[in-house]
Amino acid sequence: MPVTLLGATEIRALAAELEVTPTKKLGQNFVVDANTVRRIVHVAEVSASDRVVEVGPGLGSLTLAILETDAAVTAVEIDHRLAERLPVTAAAHGVPAGALTVVDADALRVTEVPGDPNVLVANLPYNVSVPVLLHFMEHFPGIERGVVMVQAEVGERLAAPPGSKVYGAPSVKAAWYGPWRLAGTVSRQVFWPVPNVDSVLVGFHRDPQPRGDDSLRRQTFQIVDAAFQQRRKMLRQALAPVLGGSSAAASETLAAAGVDPTARGEQLTIDDFVAIARAAGAVASLEG
């Protein structure tokens, strides 16, 4: 029996049955268009050999589209009613036993899931998009690629190159793991209820080799946060609190990293920030 997808009428009926009133807080704008969920799965390059972790499956429209490829899916859902109902919906739509595992939990607190996922697919609300993505990239190194549907503002920031107006700390932190790209726009009309903001798809591939260990990542992210805390500030000033306590000390470390002390954070790549973190570690060890 082939897997079948949810239609708009059934999604509304499920929401009524579960007494789910879509809320802005949880980002519950449910996708009611089959072509859209299949497109997301296609962009994510999901195949039968993949092990997919889906964050925020909701009523299951995207979940079923992933399962349609015969991939194994682990779905992480914070709403207990939705988590409990999802396996029932999947079985009714032809999903074979064992293909879907549901984890009833807050995605930001999950540090392990069954299935050793290699692909991430998600439809994420504005307020947790970046934290959830960075959390999963940190704690699940087996994730090689993925696609997320997010508000346009978030997606543009994640995929922004250095020097662009929206380039910021999320752009740099995401780039620690590999390249991110805008992979298409999503019409407001495919959601129920219809949101008042635009959405985009963002795709990513993890770099084959990590930039460094977790200690270096934490130090790099601390420097990134300081650099963007006050935009348009020269690095020797912005980074003084985390690089020796003075502009002079910060300038010395920046020079050692091959970075102009008068540059601004908005101009630097992730590799520049990593070089600063490495130089800071070298200075600290020399002083020690």
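1. Buried residues make up 49% of the 288 residues in the protein. Keep in mind that this is a predicted model. The protein holds 11 helices and nine strands. Its accessible surface comes to about 13,300 Å². Carbon and sulfur atoms account for 52% of that surface.

2. Next, the overall dimensions. For 288 residues, a compact globule would have a radius of gyration near 19 Å. The protein has 21 Å, which agrees. Along the principal axes, the C-alpha atoms fill a box of roughly 65 × 35 × 30 Å. Now take the contacts between residues at least 6 apart in sequence. Of these, 71% join residues at least 24 apart.

3. Start the tour at strand β3, residues 72–77. How many of its six residues are buried? Five are, so the strand is largely enclosed by the rest of the structure. The cut-off for buried is under 20% relative accessible area.

4. Look at the neighbours of β3. On one side of the pairing list is strand β2, residues 51–55. Five bridges join β2 to β3, and the two run parallel. Val52 stands opposite Val73 in β3. Strand β4, residues 100–104, is also joined to β3 by five bridges. That pair runs parallel too. Here Glu77 stands opposite Asp104 in β4.

5. Now follow the chain between these strands. β2, helix α3 and β3 make a right-handed β-α-β unit. Helix α3 covers residues 61–67. β3, helix α4 and β4 make a right-handed β-α-β unit as well. Helix α4 covers residues 80–92. Strand β3 therefore takes part in both units: it ends the path from β2 over α3, and it begins the path over α4 to β4.

6. Asp70 deserves a check. It lies in the loop between α3 and β3. Its phi is positive, about 75°, although Asp70 is not a glycine. Is Asp70 buried or exposed? At 58% relative accessibility, it counts as exposed.

7. Asp116 is another residue to inspect. It sits in the loop between β4 and β5, the latter being residues 119–123. Its phi is near 45°, a positive value in a residue other than glycine. Asp116 is exposed, with a relative accessible area of 51%. The cut-off for exposed is over 50%.

8. Turn to the salt bridges. The count comes to 14. One of them joins the side chains of Asp79 and Arg81, at 2.9 Å from N to O. Asp79 is buried, with a relative accessible area of 8%. Arg81 is partly exposed, at 37%.

9. Helix α8, residues 214–229, is worth a closer look. Which residue forms a salt bridge with Arg217? The partner is Asp214, and the closest N and O atoms are 2.8 Å apart. Both residues lie in helix α8, three residues apart, about one turn of the helix. Arg217 counts as buried, at 8% relative accessibility. Asp214 counts as partly exposed, at 33%.

10. Asp214 also forms a salt bridge with Arg218. The closest N and O atoms of that pair are 2.4 Å apart. Why are Arg218 and Asp214 about one helical turn apart? They are four residues apart in helix α8, so about one turn separates them. Arg218 counts as partly exposed, at 48% relative accessibility. Elsewhere, salt bridges that share partners join Glu45, Asp50, Glu144 and Arg145 into one network.

11. Finish with the loop between β8 and β9. β8 covers residues 191–192, and β9 covers 199–205. Pro193 is found in this loop. A cis peptide bond joins Trp192 and Pro193, with omega about -10°. Asn196 is found in the loop too. At 67% relative accessibility, Asn196 counts as exposed. Compare its position with Val102: the two lie 94 residues apart along the chain. Their C-alpha atoms are separated by 30 Å.

Note on methods. Residues are numbered from 1 along each chain as its sequence is written. This is a predicted model: local features need pLDDT of at least 70, side-chain atom pairs count only at pLDDT 80 or more; totals for chains, interfaces and linings use all residues. Side-chain values use heavy atoms; hydrogens and water are left out. Buried means under 20% relative accessible area, exposed over 50%, partly exposed in between (1.4 Å probe, protein chains only). Two strands pair if DSSP finds at least two bridges between them. A salt bridge is a side-chain nitrogen of Lys or Arg within 4 Å of a carboxyl oxygen of Asp or Glu. The radius of gyration is taken over C-alpha atoms; the globule rule is 2.2 Å times the number of residues to the power 0.38. Contact means heavy atoms within 4.5 Å. Accessible areas come from the Shrake-Rupley method with a 1.4 Å probe; for residues, only the protein chains shown count as cover.
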